[in-house]
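User: I would like to learn how to read disulfides and internal spaces from a set of coordinates. Please take one feature at a time.

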Amino acid sequence: MKKINLFTAMAIIPLLLLIFMLNFCPEIAQATQRTTKITEKTTLLNYIVHVAKPEGRTLAEIEDLESWYQSFLPVSTASSQKQQRMLYAYQNVMSGFAARLTQEEVKSMEEKDGFLSARPEKILHLQTTHTPRFLGLHQELGFWKESNFGKGVIIGVLDGGIFPRHPSFSDEGMPPPPATWKGRCDFNASDCNNKLIGARSFNIAAKAKKGSAATEPPIDVDGHGTHTASTAAGAFVKDAEVLGNARGTAVGIAPHAHLAIYKVCFGDPGDDCPESDILAGLDAAVQDGVDVLSLSLGGDSVPFFNDTIAIGSFAAIQKGIFVSCSAGNSGPFNGTLSNEAPWILTVGASTVDRRFAAIARLGNGEQIDGESLSQHSNFPSTLLPLVYAGMSGKPNSSLCGEGALEGMDVKGKIVLCERGGGIGRIAKGGEVKNAGGAAMILMNEEADGFSTNADVHVLPATHVSFAAGLKIKAYINSTQAPMATILFKGTVIGDPSSPFVASFSSRGPNLASPGILKPDIIGPGVSILAAWPFPLDNNTNSKSTFNIISGTSMSCPHLSGIAALLKSSHPYWSPAAIKSAIMTTADTLNMEGKLIVDQTLQPADVFATGAGHVNPSRANNPGLVYDIQPDDYIPYLCGLGYADNEVSIIVHEQVKCSENPSIPEGELNYPSFAVTLGPSQTFTRTVTNVGDVNSAYEVGIVSPPGVDVTVKPSKLYFSKVNQKATYSVAFSRTEYGGKTSETAQGYIVWASAKYTVRSPIAVSFK
């Protein structure tokens with residue numbers, strides 16, 4: 001029987017007394033509840049407050065704007081306290097402010113003219129270079145060179161800061177920023193240059209939440225921000241490698257683009273990103289004059305009027321700024337997306353054709369492929385005893401959590417651990433090492449299938465698929481003396497199954513707007529090499545350090561960099577036109593010419609891939625684009641059933657939906673289709689010719705099973721550039737009316753002698 005020590009007992013006694021009083025003294029229980037409610041009403045929280053602009057009055061000066069916002073604060077609050085209560089007065093991305101308020105103060109604020117809404121802020125979270133060549137970008141020819149490597153374009157990165165002295169941020173050969181740049185650098189003057197032109201920190205909300213008075217500089221404390229910034233626009237750095245792997249030249253996607261850094265995530269690790277700080281970063285970026293915004297962060301699905309990134313991004317696209325966001329790391333389950341608004345490019349994650357091989361060789365001679373970034377070339381090739389952690393009999397011992405291996409004889413043995421249980425992959429290896437294990441084989445959960453990760457493990461290890469793990473378990477159970485070793489084979493390039501969708505990449509459908517297919521696109525997000533602030537091997541003499549990490553945080557800046565290249569090549573394209581070019585030219589086949597697969601090695605559906613895998617060179621010359629102007633979203637938002645004030649919050653102007661003809665989601669001029677099919681539906685699309693003059697396109701249709709798709713007209717003709725043409729698409733159930741599943745997919749493609757313009761179709765059956 002387990003003994004209870006004195007301190008535990010002393011802690012339990014008051015708890016037992018409290019339970020007794022609450023159960024047998026109802027007056028005390030009621031008083032406790034009243035006290036709790038009073039405390040909730042009087043506790044200061046960070047609120048985001050939306051207000052209308054004053055009628056009949058122009059707020060020309062920032063001081064006027066702040067004065068208007070402060071008029072909503074409690075009358076009893078002294079002037080000096082108002083300054084302290086007000087966290088941010090937003091100028092560009094929304095009409096409103098962030099402030100420290102109580103529930104009671106918000107309730108009284110609701111009576112004031114101009115008040116729209118208020119809610120407590122949420123905390124969002126961060127969601128990693130062979131990839132340019134994998135994407136078909138070559139230094140001496142083609143799109144990369146033609147786009148001047150993104151020259152003159154400013155990419156704003158909202159993340160956890162940056163390590164400015166890394167050679168990836170060298171400005172050798174870089175011109176000064178364009179005259180449109182209005183930002184500033186909060187580092188020492190020597191740390192910013194023509195590459196890193198701006199760096200600012202927004203942590204007022206984070207400070208208020210923690211009760212701290214310190215202002216943090218925009219320095220990166222955990223590596224995430226440095227990694228994402230260099231992925232988007234890092235300079236060429238020769239002789240890059242990570243622990244001896246992936247040797248070569250590291251470079252971002254738009255190496256001649258400028259970088260502006262907005263630190264909005266804090267802590268250690270720096271993955272707490274308060275909404276009001278994010279809005280402040282977006283507000284500054286729009287004011288500073290960035291061309292592309294990259295946000296590798298997000299939260300749960302919410303209506304767009306409660307979505308900080310959606311609201312701030314709408315203000316950005318109104319100024320012609322392209323916005324790229326990560327889809328989230330909650331896959332492979334459906335309905336797990338972040339950043340679902342149609343004016344945002346939502347980016348899922350896929351693999352590249354590079355692996356860091358670590359092969360598990362079993363005593364029966366079978367060799368099983370796995371991965372590890374820690375390549376222990378000196379690990380003995382002789383077989384060692386192999387044991388399954390789950391054999392200890394303890395609850396969840398198979399997961400190799402804290403203390404799971406206590407009392408189990410693993411000294412000098414290779415231990416098979418299962419992934420999951422909320423325990424980090426590297427932490428599991430730490431448990432094996434602490435228990436005296438010689439090495440670890442980490443097997444996937446069933447949901448993760450064949451999707452593995454290359455990690456910097458603390459001991460010799462390999463990460464294998466779920467199917468491989470079952471084989472290893474079967475082998476262990478088949479013999480009284482199971483044996484194994486791990487053969488480390490280093491960097492291997494040329495995986496023909498790439499790209500495939502990473503298991504962690506969040507999936508659709510789009511919960512906030514089911515009629516818009518999301519994610520939009522997938523891009524490299526697995527085992528991505530990029531800049532890192534500190535050495536992984538404690539070698540403090542290293543002049544430059546890199547790391548290899550995975551996530552949709554890594555795929556997002558790839559697409560941000562590609563958008564910068566397209567912006568440089570086509571400076572007058574709108575954000576929607578750039579997005580359309582990326583989507584309609586995407587690849588749907590892998591390197592061996594087969595359909596892109598997911599973690600099951602079966603063809604991935606459109607809720608995993610969106611339009612497909614990005615093809616930058618084809619995106620530069622798409623033939624046709626589906627353009628959308630900011631005001632086109634108003635009838636779409638009204639069609640979502642949003643109230644007037646909710647639409648007004650998003651579009652930053654007063655809207656009356658009764659005076660704006662609303663449209664169904666499917667009528668938005670989007671480059672893809674997401675249809676919920678009961679009765680037949682017909683939608684229209686308008687394409688703009690950005691290709692050759694005197695061109696003709698004919699439609700090709702691959703109908704989703706159980707669906708008839710009719711396109712009229714079937715041919716489109718163009719006699720000049722920027723000419724528009726409109727077509728309709730009708731969706732109806734086939735005559736037999738059957739369906740094999742809840743969803744189906746297909747596509748339409750407009751093809752000319754030179755171009756193919758593809759739009760995926762997702763159908764959900766009522």
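User: Which hand does the link of C638 and C657 have?

Analyst: A disulfide is a pair of cysteine sulfur atoms within 2.5 Å. C638 and C657 form such a pair, with S to S 2.1 Å. Their link is left-handed, with -80 degrees about the S-S bond. The pair links distant parts of the chain, 19 residues apart: C638 is in helix α18 (residues 633–639), and C657 is in the loop between α19 (644–651) and β27 (673–677). Helices (H or I, at least four residues) and strands (E, at least two) are DSSP runs, numbered from the N terminus. This is a predicted model, where local features need pLDDT of at least 70 and side-chain atom pairs count only at pLDDT 80 or more, while totals for chains, interfaces and linings use all residues. Residues are numbered from 1 along each chain as its sequence is written, and side-chain values use heavy atoms, with hydrogens and water left out.

User: Are C638 and C657 buried or exposed?

Analyst: Buried means under 20% relative accessible area, exposed over 50%, and partly exposed in between (1.4 Å probe, protein chains only). C638 is buried at 8%, and C657 is buried at 16%.

User: How many disulfides are there by this rule?

Analyst: The count is four. With the bonded cysteines of the protein numbered in sequence order, the pairing is 1-2, 3-4, 5-6, 7-8. One of the disulfides joins C400 to C417, S to S 2.0 Å. At -85 degrees about the S-S bond, the link of C400 and C417 is left-handed. This pair also links distant parts of the chain, 17 residues apart, with C400 in the loop between β18 (384–388) and β19 (414–418) and C417 in strand β19. C400 and C417 are both buried.

User: Which hand does the link of C265 and C273 have?

Analyst: The link of C265 and C273 is right-handed, with 105 degrees about the S-S bond. The sulfurs of C265 and C273 are 2.1 Å apart. C265 is buried at 1% relative accessibility, and C273 is buried at 0%.

User: Why is there no bond between C325 and C556?

Analyst: The reason is distance: the sulfur of C325 has its closest cysteine sulfur in C556, and the 6.0 Å between them is too far for a bond. Both residues are buried, C325 at 0% relative accessibility and C556 with a relative accessible area of 0%.

User: How is empty space found, and what is the volume of the largest cavity?

Analyst: Rolling a probe the size of a water molecule over the atoms shows where empty space is left. On a 1 Å grid over the protein atoms alone, a cavity is a set of points where a 1.4 Å probe fits but cannot get out; a pocket is an open set with protein on both sides within 12 Å along at least five of seven lines; lining residues have an atom within 4 Å of a point. The largest cavity holds about 110 Å³ of space. Its lining includes R354, R355, E371 and D495.

User: What is the volume of the second largest pocket, and which residues are closest to its centre?

Analyst: The second largest pocket has a volume of about 480 Å³. Its lining has 27 residues, and those closest to the centre are Y88, A89, Q91, R200 and F202. Among the elements that each supply at least two lining residues are α3 (62–70), β2 (86–90) and α10 (275–288).

Definitions and conventions:
Grid points are joined across faces, edges and corners, and a volume is the space filled by probe spheres set on the points.
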